[in-house]
Amino acid sequence: FSYPNLELQEELKRTAEAIVAPGKGILAVDENNEGIGKLLAGVDLENTEENRRRYRQMLFTSDEMLSNNISAVILFEETLYQKTDDGILFMDLLRKKNIIPGVKVDKDVVPLHLTEEYTTQGLDNLAERCAAYKKLGCRFAKWRCPLKIGERSPSVQAIEDASHVLARYASICQSEGLVPIVEPDVLLDGNHDIVRSQKVTEVVLASVYKALSDHHVFLEGTLLKPNMVTPGQQCVKRSTPEEIASATVTALLRTVPVAVPGITFLSGGLSEEDATLNLNAINQISKAPWRLTFSYGRALQASVWKSWAGKDENIGKAQKELLQRAQANGLASLGKYVT
Ligand code: 13P
């Protein structure tokens, strides 16, 4: 058995560690065209490439201070080629601000035939795509595999499939010099309690790390992007941030190797405030061996969309909102957030 050559190991490790530098996390702006279309519809805008560009331009032209708390941005493929009004590639703008660009490389979910579950597609030609993204300046990639908790799910079939797909993705990324962000997302939907959520999360993570080992993935050059362990959205028994933090850290301690440099949580439909409070509580538990930070999409952008409302005159206000959410989560990643 072998490992990536030492130079590549060093590069991957450096990138992964830079993304989880103290007080920093990831801004996930990698909504696919259907996803951002819904958000644009919410502000009465048509889902055109120009409107998608205008929204994302607003985020990326925010004050330099954004990079105090945002180390990296996950982009949708289309965005890699887009420019500001004055012709600067978004990629160059981000790099100038000391923000590391990365890209979502999965091609979304498709049903597993004869089940109610899903798999994530996009492995075909992935090496070629990764090589091209690396040339454009990307240093990491993201791939998400959602798993739904139901009466009989996630099934062994779905868990094993997700683990295998994530491991193949991660090994392909590393072969092309990109840090893979491995995202097994145990969804928030359902009426299950926090104990079930913890158990399922543990089983999924144990399976994912076995597969990563089987595929010779260099763990020091990866990041994990998991769900927090919470009760299902429809569960009547709610948990405090401290209970969520304890269940989350316990699940991670039981399953994630210490060689992994950082864990960057998804927000998964939590409100902005809950996502921040939970992350803060997680970081107040001192025994974790990895950096624990955020890789939020919705929980960094919900207020931004509201403030912007699709109007140029609101850009300044919306950018301020983004900065505030980034600062709050930066503090939470250090366990220093106060409401
Ligand atoms: P949310 O934080 O909105 O869950 O998005 C993060 C992400 O990148 C999901 O793949």
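Here are some short exercises, with worked solutions, on the predicted model shown above.

**Exercise 1. Work out how helices α9 and α10 pack against each other, and which residues make the contact.**

Step 1: Find the two helices. Helix α9 covers residues 241-255 and helix α10 covers residues 272-284.

Step 2: Look at the geometry. The axes of α9 and α10 lie 8 Å apart, at an angle of about 60°. The two helices are therefore oblique to each other, and their crossing is right-handed.

Step 3: List the contact. From α9 come P241, E242, I244, A245, T248 and V249, and from α10 come L277, N278, A281, I282 and Q284.

Step 4: Sort these residues by class. The contact of α9 with α10 has seven nonpolar, three polar and one charged residues.

**Exercise 2. Do the same for helices α6 and α7: how do their axes cross, and which residues meet?**

Step 1: Begin with the axes. Those of α6 and α7 come within 9 Å and cross at roughly 45°. That makes α6 oblique to α7.

Step 2: Add the handedness, which is right-handed for the crossing of α6 and α7.

Step 3: Pick out the partners. On the α6 side are L126, A127 and C130, and they meet Y169, I172, C173 and S175 of α7.

Step 4: Count by class. The contact of α6 with α7 has six nonpolar residues, one polar residue and no charged residues.

**Exercise 3. Describe the surroundings of A158: is A158 buried or exposed?**

Step 1: Place the residue. A158 is part of helix α7.

Step 2: Count its neighbours. There are 21 other C-beta atoms within 10 Å of A158, so the residue is buried; the cut-off for buried is 20 or more.

Step 3: Name the contacts. Leaving out residues up to four places away in sequence, A158 touches L112, E117, L147 and S153.

Step 4: Compare sequence with space. A158 and Y118 are 40 residues apart in sequence, and their C-alpha atoms are 7.1 Å apart.

**Exercise 4. Examine the backbone at P154, N98 and N125.**

Step 1: Recall the usual case. Most residues other than glycine have a negative phi, and most peptide bonds are trans.

Step 2: Check the peptide bond from S153 to P154. This bond is cis, with omega near 5°. P154 sits in the loop between β6 (140-147) and α7 (156-175).

Step 3: Turn to N98, whose phi is positive, near 65°. N98 belongs to the loop between α5 (90-96) and β3 (100-104). With 13 C-beta neighbours inside 10 Å, N98 counts as partly exposed.

Step 4: Finish with N125, where phi is also positive, near 60°. N125 is found in the loop between β5 (118-120) and α6 (126-136). N125 has 10 C-beta neighbours inside 10 Å and therefore counts as exposed.

**Exercise 5. Identify the residues around the ligand and sort them by class.**

Step 1: Collect the residues. Around the ligand are A28, D30, I74, R144, E183, L266, S267, G268, Y296, G297, R298 and A299.

Step 2: Sort the shell. Its classes are five nonpolar, three polar and four charged residues.

**Exercise 6. Find how far A21 is from R291, along the chain and in space.**

Step 1: Locate A21, in the loop between α1 (6-19) and β1 (25-29). A21 is partly exposed, with 14 other C-beta atoms within 10 Å.

Step 2: Read off both separations. A21 and R291 are 270 residues apart along the chain, while their C-alpha atoms are separated by 8.0 Å.

Technical notes. Residues numbered from 1 in each chain as written. Predicted model: local features only at pLDDT ≥ 70, side-chain atom pairs only at ≥ 80, totals over all residues. Axes fitted to C-alpha atoms, helices over the stretch in contact; angles between N-to-C directions. Helix = DSSP H or I, 4+ residues; strand = E, 2+ residues; numbered from the N terminus. Parallel < 35°, antiparallel > 145°, perpendicular 65-115°, else oblique. Left-handed = near helix turned anticlockwise from the far one by under 90°. Contact = placed C-beta atoms within 7 Å. Nonpolar A, V, L, I, M, F, W, Y, C, P; charged D, E, K, R; others polar. Near = placed C-beta within 6 Å. Buried ≥ 20, exposed ≤ 12 C-beta atoms within 10 Å, placed from the backbone.
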